[in-house]
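Morning, everyone. Please have a look at the structure on the screen, and then I'll take you through it.

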Amino acid sequence: MGRVAGKIALVTGAASGLGQGAAEALAREGATVEVTDINREGGEAVVNKLGGASVFMLLDTRDEEQWKSVIAAAVKRFGRLDILVNNAGVPTAELIEETSLERWRSVMAINLDGVFLGVKYGMDAMKKTGGGSIINISSVAGLIGTARTATYSASKAGVKLLSKCAALECAELKYNIRVNSVHPGIIETPMASKVFEVLGQGDPAAGKKYLVDMHPIGRMGQIEDVANGILYLASDESSFVTGAELVIDGGLTAH
Ligand SMILES: NC(=O)c1ccc[n+]([C@@H]2O[C@H](COP(=O)([O-])OP(=O)(O)OC[C@H]3O[C@@H](n4cnc5c(N)ncnc54)[C@H](O)[C@@H]3O)[C@@H](O)[C@H]2O)c1
């Protein structure tokens with residue numbers, strides 16, 4: 001019996017990296033997954049790997065109208081929504097002095113507005129169909145500050161508190177919806193590869209070493225490390241867990 005057998009899940013940014021890993025883990029454990037992304041080709045390739053009744057839907061998480069139609073289509077097709085993983089996000093690595101307001105707003109639109117819209121419309125669907133679990137992907141950057149990550153960190157800290165507020169609202173309103181945030185350390189995904197380049201100033205190996213050394217456990221995280229945490233929060237094993245921060249970072253923020 002799968003850990004999320006029979007459940008209906010929607011994952012954003014699921015064409016790559018952590019979103020793909022979450023979609024694969026959820027499908028392996030028995031869920032039907034709505035794989036969503038702005039990258040149609042990548043998303044459809046993930047669906048082909050998953051098999052079963054899983055489907056791809058184009059969803060730019062910044063777009064409120066798309067959220068409404070994608071969630072409505074999921075509920076129409078499968079009857080309900082049990083699990084929502086708000087994963088889509090983009091990294092930044094630049095000084096505040098070099099960050100334009102336009103850039104700040106464009107990052108917030110994906111990393112924070114997109115999660116807000118997911119929570120809003122996810123809650124609306126779940127409350128009508130018996131409840132569910134919303135999992136918002138933040139970061140260690142939402143817990144501690146570092147130079148050159150102000151925009152990213154502010155967006156991810158926003159995700160952390162948005163999640164707690166949503167958890168408390170859902171509890172107060174008796175929606176039977178749990179909301180939690182996940183805080184990965186540096187995980188080896190396509191996003192991290194871009195960071196190796198920037199940190200190593202053109203020498204990706206040096207950038208990677210710097211990141212490995214940041215983790216007391218002596219390695220960077222793997223996609224499965226985060227997928228396992230998402231699976232736990234998605235399953236009924238975590239039925240008493242809401243408003244929590246699940247930190248998956250090899251000890252990076254334990255100091
Ligand atoms: N990789 C890490 O080390 C790490 C660490 C902590 C947190 N995170 C967070 O995990 C999440 C996934 O990161 P990843 O490393 O898998 O990145 P990734 O770049 O591998 O994948 C991100 C996916 O999001 C999609 N996407 C981008 N903008 C979108 C939009 N507007 N609407 C819908 N989809 C969009 C991309 O097409 C891509 O498929 C992000 O929120 C990121 O901030 C990553």
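Let's start inside a helix. L117 sits in α4, the helix that covers residues 101–128. Is L117 buried or exposed? L117 has a relative accessible area of 8%. Buried means under 20%, so L117 counts as buried. Now look for N86. L117 and N86 are 31 residues apart along the chain. In space, their C-alpha atoms are separated by 9.5 Å.

One caution before I go on. This is a predicted model. Keep that in mind for every distance I quote.

Next, the ligand. How many residues surround the ligand? The count is 27. The closest are S16, D37, N87, Y152 and T189. Click on those five if you want to find your way around.

What kinds of residue make up this shell? There are 13 nonpolar residues, 10 polar ones and four charged ones.

Where do they come from? Three helices each supply at least two residues of the shell. They are α1, at 17–28, α5, at 150–172, and α6, at 190–199. Think about domains as well. Domain 1 is made of two stretches, 8–185 and 222–248. Domain 2 runs over 187–220. The shell draws at least three residues from each of these domains.

Now some individual contacts. Take D37 first. An N or O atom in the side chain of D37 is 2.6 Å from an oxygen atom of the ligand. Then L18. Here the backbone takes part: one of its N or O atoms lies 2.7 Å from a ligand oxygen. Then T61. A backbone N or O atom of T61 lies 3.0 Å from a nitrogen atom of the ligand. How much of the ligand does the protein cover? On its own, the ligand has 830 Å² of accessible area, and the protein covers 93% of that.

Let's move to α5, one of the helices that supply the shell. Two of its residues are worth a stop. A154 is in α5. A154 is partly exposed, at a relative accessible area of 30%. Its partner for a distance check is M108. The two are 46 residues apart in sequence. From C-alpha to C-alpha, A154 and M108 are 8.5 Å apart in space.

K160 is also found in α5. Is this lysine buried or exposed? Its relative accessibility is 17%, so K160 counts as buried. Compare K160 with K68. They are 92 residues apart in sequence, and their C-alpha atoms are 23 Å apart in space.

Follow the chain into the loop between α5 and β6. K174 lies there, and N176 does too. Check the backbone angles. K174 has a positive phi of about 55°, although K174 is not a glycine. N176 also has a positive phi, near 60°, and N176 is not a glycine either. Both residues count as exposed: K174 has a relative accessible area of 72%, and N176 stands at 58%.

Then comes the strand. N180 lies in β6, which spans residues 177–184. N180 is buried, with a relative accessible area of 0%. What does its side chain reach? The side chain of N180 reaches the backbone nitrogen of G243, at 3.1 Å.

There is a similar side-chain contact to look up elsewhere. S54 sits in the loop between α2, at 40–50, and β3, at 55–58. S54 counts as buried, at 9% relative accessibility. The side chain of S54 reaches the backbone nitrogen of V33 at 3.0 Å.

Last topic: cysteines. How many disulfides does the structure hold? It holds zero. Why is C165 not bonded to another cysteine? The closest cysteine sulfur to that of C165 is in C170, and the gap is 11 Å, so the two are too far apart for a bond. Remember the cut-off: a disulfide needs the two sulfur atoms within 2.5 Å. Turn it around, and the closest cysteine sulfur to that of C170 is in C165. Their surroundings can be checked too. C165 is partly exposed, at 43% relative accessible area. C170 is buried, at 1%.

That's my tour. Any questions?

Key. Residues are numbered from 1 along each chain as its sequence is written. This is a predicted model: local features need pLDDT of at least 70, side-chain atom pairs count only at pLDDT 80 or more; totals for chains, interfaces and linings use all residues. Side-chain values use heavy atoms; hydrogens and water are left out. A residue is near a molecule or strand if one of its heavy atoms lies within 4 Å of it. A polar contact is a pair of N or O atoms within 3.5 Å; within protein, one must be able to donate a hydrogen and the other to accept it, and residues adjacent in sequence count only if both atoms are side-chain atoms. Accessible areas come from the Shrake-Rupley method with a 1.4 Å probe; for residues, only the protein chains shown count as cover. Helices (H or I, at least four residues) and strands (E, at least two) are DSSP runs, numbered from the N terminus. Ala, Val, Leu, Ile, Met, Phe, Trp, Tyr, Cys and Pro count as nonpolar, Asp, Glu, Lys and Arg as charged, and the others, Gly among them, as polar. Domain bounds come from an automatic or database domain assignment. Buried means under 20% relative accessible area, exposed over 50%, partly exposed in between (1.4 Å probe, protein chains only).
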